[in-house]
Amino acid sequence: MKVLIAVNEFKGSLSSIEIGEVISSKINYKYNNVTSHVQPIADGGDGFLALFKGFDKMKFKTINAARQECEVNYLLDTKRKEAVIEIAEVIGLKHLNDTQKDPFITSTVGLGKLISFLIEIGIEHIIIGLGGSATNDCGIGMLSELGVKFTDRSGKPCKHGINELKNIYNIDHRFMNGRLKDIRFSIISDVSNPLIGKNGSTYIFAKQKGLDENKFAEVDKYIEKFSDKVQLVTGKNNVFSEGSGAAGGLGFAFMSFFNATIYPGSKFMIDYLNLESKIQEADIIITGEGKLDVQSYMGKAPIEVAKLAKKFNKKVIFLAGNILDEELSELNEDDKKLIDASFSIQRRFMSLNTAMDKKVSKQNLENTIVQIFNILEFNNG
């Protein structure tokens, strides 16, 4: 039996590579008739850097979404003048504690600092994985670092979070970094959501970033007014473009101000990793992510892996820390058939902090995999 292990990162706990290694080690140790292959996956969110080979792993000192000094990883190829940035690594939720999660304050300035540095050292192509951000500022912090001036009625600069985005009266992009016109951005989005509306960045993603639901309509209106001003300045209307709502509106910022092309994250991943051929060679596909819910079906990597597996009539096992059956019951029948069996790795009642502890997660994964393959061996016996 050949098993392909392609599980997305469990945010705040185990990386895609760590999950694959835990599962593969347990399978190889316990079952002689099973061979496993580990393939890290990411669709633009957490773990995006792990997809790439042939780059040098670099570090850069900047500030995180809470505007605290930090050191972040990125990838660099000076010969090809190419770099890879993972938004979750620079301004991601995973670096903030609960008290720091507040989109009225969190900022994309740290991302702008890194991009500015890459431009200065002569990089011409920047691949950016959108996903896992802690911000909802439509990129005003990033854009400010690159020369766009946002000011309120009194001329005071606006660059941090919704608190300042809502006060923007004037946008002046005449002083943008002149080298930006020669930079090509490939934006890899893990979602296809528009910027505003009930399916937009605020209503769908802002709650996990710390925004109260009773503020959704108010914030969405701020963003709509901001987008109107952007359209007047740039002549571009990307409000309802697919992916414009990714990473708290960063997708919108890249589309509106830069030479950027946005690609669906899962399609990029599948093509880049040649996943189709790897799935064809396997009998069973193990995929998953931290939470299995309706959002998983909005273009996220594990479900796209499942779709590809079903194209070749492969069995799909889904692992998650949390499974929201009530939400999943509302899916259409075709979507329900994408997963043959889903398992929460939680083996007992425990706090979220305990469940996300690496040691606990590894043990839970091992125990769950043993139970799954015991059943598979029994059925094959």
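This is a tour of a predicted model, going from a sheet to the helices on it, then to a pair of helices, and ending at a single asparagine.

Begin by selecting the six strands that form an open sheet in the order S3-S4-S5-S6-S9-S10, where the pairing is mixed. At the edges you will find strand S3 (56–63) and S10, each of which pairs on one side only, and going from one strand to the next the twist averages 25 degrees. As background, strands of a sheet pair through backbone hydrogen bonds, either parallel or antiparallel. For a parallel case, display strand S5 (residues 82–86) together with strand S6 (residues 125–130), which are joined by five bridges; within this pair, Ala 83 stands opposite Ile 126 in S6.

Keeping the sheet on screen, add helix H8 (residues 250–257), which packs on the sheet and touches S6, S9 and S10, with a direction that makes about 155 degrees with that of S6. Then add helix H3 (residues 109–120), which lies across S3, strand S4 (69–77), S5, S6 and S9 and runs at about 130 degrees to S3.

Next, select helix H9 (residues 265–273), whose buried residues are Gly 265, Ser 266, Phe 268, Met 269, Ile 270 and Leu 273. If you then show the surroundings, you will see that what covers these buried residues includes strand S9 (184–189), strand S10 (260–264), helix H10 (275–280) and helix H11 (301–311). Just after H9 comes Asn 274, a residue with a positive phi, near 55 degrees.

Of these neighbours, keep H11 in view with H9, since the two helices pack with their axes 9 Å apart and at an angle of about 55 degrees. That angle falls in neither the parallel, the antiparallel nor the perpendicular range, so H9 and H11 are oblique to each other, and their crossing is right-handed. To see the contact itself, show the side chains of Ser 266, Met 269 and Ile 270 from H9 and of Ala 301, Glu 304, Val 305 and Leu 308 from H11; the residues of this contact divide into five nonpolar, one polar and one charged.

Finally, centre the view on Asn 8, in the loop between strand S1 (2–7) and helix H1 (16–30). Is Asn 8 buried or exposed? Its relative accessibility is 7%, and because buried means under 20%, Asn 8 counts as buried. Leaving aside neighbours within four places in sequence, the residues in contact with Asn 8 include Ser 16, Ile 19, Asp 43, Gly 288 and Glu 289, as well as Ala 301, which you have already displayed as part of the contact between H9 and H11.

Methods. Residues numbered from 1 in each chain as written. Predicted model: local features only at pLDDT ≥ 70, side-chain atom pairs only at ≥ 80, totals over all residues. Heavy atoms only, no water. Buried < 20%, exposed > 50% of the residue type's maximum accessible area, 1.4 Å probe, protein only. Helix = DSSP H or I, 4+ residues; strand = E, 2+ residues; numbered from the N terminus. Contact = heavy atoms within 4.5 Å. Axes fitted to C-alpha atoms, helices over the stretch in contact; angles between N-to-C directions. Parallel < 35°, antiparallel > 145°, perpendicular 65-115°, else oblique. Left-handed = near helix turned anticlockwise from the far one by under 90°. Nonpolar A, V, L, I, M, F, W, Y, C, P; charged D, E, K, R; others polar. Pairing = 2+ DSSP bridges.
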